[in-house]
Amino acid sequence: MAAGGRGVADPLSPAGVPCAFSPLNQAYFALASADGQLRVWETANNRLHQEYVPSAHLSGTCTCLAWAPARLQAKESPQRKKRKSEAIGPSNQIDLLALGTAVGSILLYSTVKGELHSKLISGGHDNKVNCIQWHQDNGCLYSCSDDKHIVEWNTQTCKVKCKWKGDNSSVSSLCISPDGKMLLSAGRTIKLWVLETKEIYRHFTGHATPVSSLVFTTVRPPSESQPFDGVTGLYFLSGAVHDRLLNVWQVRSENKEKNAVMSFTVTDEPVYIDLTLSENKEEPVKLAVVCKDGQVHLFEHILNGYCKKPLTSNCTIQIVTPGKGKKSTPKPIPILAAGFCSDKMSLLLVYGNWFQPTIERVALSSKEPHMCLVRDISNCWAPKVETAITKVRTPVMNSEAKVLVPGVPGHHAAIKPPPSQTEEVESKRKLGENEVSIEERLGALDIDTKKEKDDLPQTNSFPVLLTQGLESNDFEMLNKVLQTRNLNLIKRTVLRMPLHAVIPLLQELTKRLQGHPNSAVLMVQWLKCVLTVHASYLSTLPDLVPQLGTLYQLMESRVKTFQKLSHLHGKLILLITQVTASEKSKGMTCPEQKAKLVYEEESSEEESDDEIEKDSDDNWDEDEEDKESEKDEDVDEEEEEEEEDAEEKDEENGEDRDVASEKELNGDSDLDPENESEEE
């Protein structure tokens with residue numbers, strides 16, 4: 001009786017891998033690996049017996065498996081031969097191995113034929129199959145799934161015989177009673193069903209997490225005074241995910257007691273359980289529990305009623321590697337499964353990795369509480385490097401043999417090229433000659449700089465450099481590529497880069513966009529190219545939004561401030577244009593204009609009279625008499641004219657004064673400079 005774990009990514013799924021020993025003396029060990037392949041190993045010589053890869057092994061990986069029980073073998077009558085068209089009966093089901101998949105289908109694999117026997121699909125499960133149990137008498141198959149249903153299959157017709165709802169949540173484990181009339185099912189609570197009527201017979205509280213294993217531990221009740229109905233008084237064991245306690249329950253006649261009778265404590269979550277059935281009340285139950293931490297705990301106890309404290313293991317088995325050297329510490333080797341042999345005094349251990357497990361038979365000792373087995377499995381884990389990589393053999397060379405190499409005629413040794421300048425410098429240092437001159441050192445430096453210049457990245461190598469820089473997070477290599485300003489080069493690089501580097505490139509561009517504004521201008525060009533060229537690839541990614549969440553937030557924050565910045569930019573442009581216009585107007589010179597009216601004060605008349613007197617000193621006496629006579633005549637004429645003008649002005653005093661004042665204010669006087677000088 002064995003219960004194996006199923007390896008699924010769900011955090012509440014059982015740990016371990018689906019595996020089980022064959023019922024006939026445990027001759028075979030079946031293991032479904034994480035890649036969906038089924039491998040059957042011979043336990044006697046640790047040899048791979050068969051390997052089967054389902055057609056949908058990647059999408060519908062194997063989640064559970066179960067061997068057909070040995071009791072299905074029946075003697076076939078020799079009087080009548082079977083036709084090929086007849087259905088395969090229970091007599092040939094001894095070699096069948098049932099595989100439950102993650103998509104809800106069940107595969108029946110024949111280990112004798114080495115091929116798929118049949119497939120159970122129609123009318124079955126819609127979700128992952130969690131557990132499979134064969135009926136020991138009628139050849140029916142029972143399965144439970146995450147779709148909350150239990151299905152009874154007819155393996156001869158490959159059709160559903162009965163289907164009913166087993167729980168309000170997913171049903172994770174099944175177990176058939178020893179008499180074949182009852183069925184245990186468990187999600188978080190445990191239920192006992194009557195197979196004939198599909199009605200619930202008993203309820204049990206179960207565990208806080210999904211139950212990963214169910215198995216009956218006794219065949220007969222402890223007290224034989226009462227009549228036995230096939231199930232009352234029997235004990236069964238249950239283990240759950242993330243639970244380090246294995247609970248033992250008893251089926252009682254009254255329906256009041258729903259709690260566990262006793263419990264066994266282990267160091268970690270159980271992934272594989274095997275036990276020896278107790279056939280009478282004096283025979284103890286032997287229990288082997290493989291935990292998630294890779295250890296095996298052995299229990300031996302007589303089930304005779306209620307026990308308050310959890311029972312600890314009698315023996316613990318652990319396997320480690322031998323430490324290399326004195327200071328190195330040994331490393332533990334995980335144990336995948338353990339099963340009792342037919343003599344019940346030895347144990348079959350399966351350890352190592354699931355791809356190449358090691359199967360070993362270990363004798364049990366009741367005196368030792370802890371067994372630590374040292375095993376070296378380094379040769380089993382990986383093939384040798386020499387045989388795996390190459391089969392080329394190098395010939396053994398004799399000292400007298402001559403080797404012919406390409407060169408000058410005569411098959412002499414190949415001509416070596418002349419040593420470079422740097423090699424000469426090094427050779428001088430080794431030979432201990434005079435110190436190398438500075439000129440030679442500078443010459444060597446010039447050669448090195450030329451080589452470095454030749455090693456600069458070319459246009460064709462930009463996609464390669466970009467991919468390598470993203471994978472290795474090389475800052476200098478990324479700078480060489482991302483600091484380019486050539487738009488055509490950017491487009492060619494983005495077009496030639498592999499698709500798996502698109503998301504890392506966008507994340508790197510997001511980091512650089514948050515940095516200096518000068519680098520952000522370049523990064524925007526790269527970002528625009530990536531989004532336009534690889535838009536179809538990015539639209540197919542289901543988790544694009546969480547991967548580029550930082551970029552979205554960055555773009556939204558920049559866009560929010562863009563409107564305010566544009567308003568500020570417009571205002572600044574207006575101010576700058578006004579300032580420049582005012583500066584230009586100040587710098588311009590005004591054009592020259594002639595004055596229409598000039599007014600001079602009296603001081604200027606006196607100065608002019610003085611100048612006239614100085615100019616004519618010699619002719620003063622001659623002209624004085626003429627001037628006096630002329631002045632007298634002029635005075636008489638001016639007095640007459642002033643009297644006439646005064647009369648005319650009195651008549652036009654109102655209108656002429658206003659007009660004259662406006663003209664004087666505006667500078668538009670009717671007087672010319674010539675008239676003014678004559679009046680003076």
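In this predicted model, Leu298 has Cys315 of strand β25 as its bridge partner, and this pair is a convenient way into the strand pairings around β25. Strand β24, residues 296-301, runs antiparallel to β25 and is joined to it by three bridges. Strand β30, residues 370-374, runs parallel to β25, with five bridges between the two, and here Ile317 is partnered by Met371 of β30. Strand β26, residues 332-333, is antiparallel to β25 and joined to it by two bridges, with Pro332 of β26 as the bridge partner of Val320.

| Strand paired with β25 | Direction | Bridges |
|---|---|---|
| β24 (residues 296-301) | antiparallel | three |
| β30 (residues 370-374) | parallel | five |
| β26 (residues 332-333) | antiparallel | two |

Because five of the six residues of β25, which spans residues 315-320, are buried, where buried means under 20% relative accessible area, the strand is largely enclosed by the rest of the structure.

Elsewhere in the chain, an unreviewed UniProt entry annotates residues 122-157 as "repeat: WD". In the model, this stretch is 50% strand and 0% helix, and its end C-alpha atoms lie 11 Å apart.

The second largest pocket holds about 340 Å³ of space. It is lined by 14 residues, of which Leu513, Val524, Leu554, Met555 and Arg558 are the closest to its centre. Two or more lining residues come from each of α9 (517-533) and α12 (549-587), and α12 supplies the largest share, seven residues. By class, the lining of this pocket comprises 11 nonpolar residues, two charged residues and one polar residue.

Technical notes: Residues are numbered from 1 along each chain as its sequence is written. This is a predicted model: local features need pLDDT of at least 70, side-chain atom pairs count only at pLDDT 80 or more; totals for chains, interfaces and linings use all residues. Side-chain values use heavy atoms; hydrogens and water are left out. Buried means under 20% relative accessible area, exposed over 50%, partly exposed in between (1.4 Å probe, protein chains only). Helices (H or I, at least four residues) and strands (E, at least two) are DSSP runs, numbered from the N terminus. Two strands pair if DSSP finds at least two bridges between them. UniProt positions are given in the numbering used here, feature names are shortened, and annotations may be inferred rather than shown by experiment. On a 1 Å grid over the protein atoms alone, a cavity is a set of points where a 1.4 Å probe fits but cannot get out, and a pocket is an open set with protein on both sides within 12 Å along at least five of seven lines; lining residues have an atom within 4 Å of a point. Grid points are joined across faces, edges and corners, and a volume is the space filled by probe spheres set on the points. Ala, Val, Leu, Ile, Met, Phe, Trp, Tyr, Cys and Pro count as nonpolar, Asp, Glu, Lys and Arg as charged, and the others, Gly among them, as polar.
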